[in-house]
Amino acid sequence: MATGFQPANYLARLPVVGRDGRTLQEIWAGEPHAFLGITVPGFPNFFMLYGPGTNGGEIVIMLESQAEYAVRAIKRMVRERVTAIEVKPRFEEAWNRWLQSKMQGTSWTMSNNYFKAPTGKVVTQWPSGNVLYRVLTKSLGRVSETTATRRIDRHVT
């Protein structure tokens with residue numbers, strides 16, 4: 001059946017444009033990756049649920065963890081009166097390296113499957129349990145983030 005099922009082609013039909021005018025598809029170059037599967041450097045205030053590297057285990061728990069991560073970040077924005085929040089590039093890069101290292105030797109890397117990007121890297125799967133993912137989403141948010149405040153000029157007439 002030609003259903004168009006493309007699990008490794010995240011947000012294929014949704015152009016998400018970052019701070020520098022480039023899209024996620026341009027940044028990813030066929031190999032989707034995101035910090036905790038949720039945020040991408042250069043895309044402030046953008047949060048994904050069920051993003052790259054988050055398929056596995058009990059998906060509802062993964063989604064709850066991701067939603068809670070986004071809500072905590074948004075509440076921080078309100079509390080600290082910032083206009084932008086995003087993951088620091090070094091955190092996303094380290095996360096992606098760690099995640100790919102955990103994939104080595106798994107059945108996902110050793111077989112031909114739809115979990116792989118065209119480059120051959122497994123980009124969809126989470127290689128561990130839900131408890132670890134939940135702990136990571138709760139503990140790595142604030143330390144991995146950078147914030148910015150944009151000054152808004154108000155003209156009183």
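1. Salt bridges overall. In this predicted model, the structure holds 6 salt bridges. The points below take up three of these pairs, each of which involves helix α2, and then turn to a glycine in a loop.

2. Glu 68 and Arg 134. A salt bridge joins the side chains of Glu 68 and Arg 134, with an N to O distance of 3.1 Å. This pair links distant parts of the chain, for Glu 68 belongs to helix α2 and Arg 134 to helix α4 (residues 130-139), 66 residues apart. Glu 68 has a relative accessibility of 30% and therefore counts as partly exposed. Arg 134, at 23%, likewise counts as partly exposed, because that class begins where buried, under 20%, ends.

3. Arg 76 and Glu 145. The side chains of Arg 76 and Glu 145 form a salt bridge at 2.6 Å, N to O. Here too the pair links distant parts of the chain: Arg 76 is in helix α2, Glu 145 is in strand β2 (residues 145-148), and their positions lie 69 residues apart in the count along the chain. Both partners, Arg 76 and Glu 145, are buried.

4. Arg 142 and Glu 80. Arg 142 and Glu 80 meet through their side chains in a salt bridge of 2.8 Å, N to O. Arg 142 lies in helix α5 (residues 141-144) and Glu 80 in helix α2, so this salt bridge ties together parts that are 62 residues apart in sequence. With a relative accessibility of 30%, Glu 80 counts as partly exposed.

5. A shared network. The pairs in points 3 and 4 should be read together. Arg 76, Glu 80, Arg 142 and Glu 145 are joined into one network by salt bridges that share partners. Within this network, Arg 76 and Glu 145 are buried, whereas Glu 80 is partly exposed.

6. The position of Gly 51. Gly 51 is located in the loop between α1 (24-28) and α2 (59-80). Is this loop residue buried or exposed? Gly 51 counts as buried, because its relative accessibility is 1%, and the cut-off for buried is under 20%.

7. The surroundings of Gly 51. Which residues does Gly 51 contact once its neighbours within four places in sequence are left aside? They are Tyr 10 and Gly 37. As for Ser 128, which is 77 residues from Gly 51 along the chain, the C-alpha atoms of the two residues are separated by 16 Å.

Key. Residues numbered from 1 in each chain as written. Predicted model: local features only at pLDDT ≥ 70, side-chain atom pairs only at ≥ 80, totals over all residues. Heavy atoms only, no water. Helix = DSSP H or I, 4+ residues; strand = E, 2+ residues; numbered from the N terminus. Buried < 20%, exposed > 50% of the residue type's maximum accessible area, 1.4 Å probe, protein only. Contact = heavy atoms within 4.5 Å. Salt bridge = Lys/Arg side-chain N within 4 Å of Asp/Glu carboxyl O.
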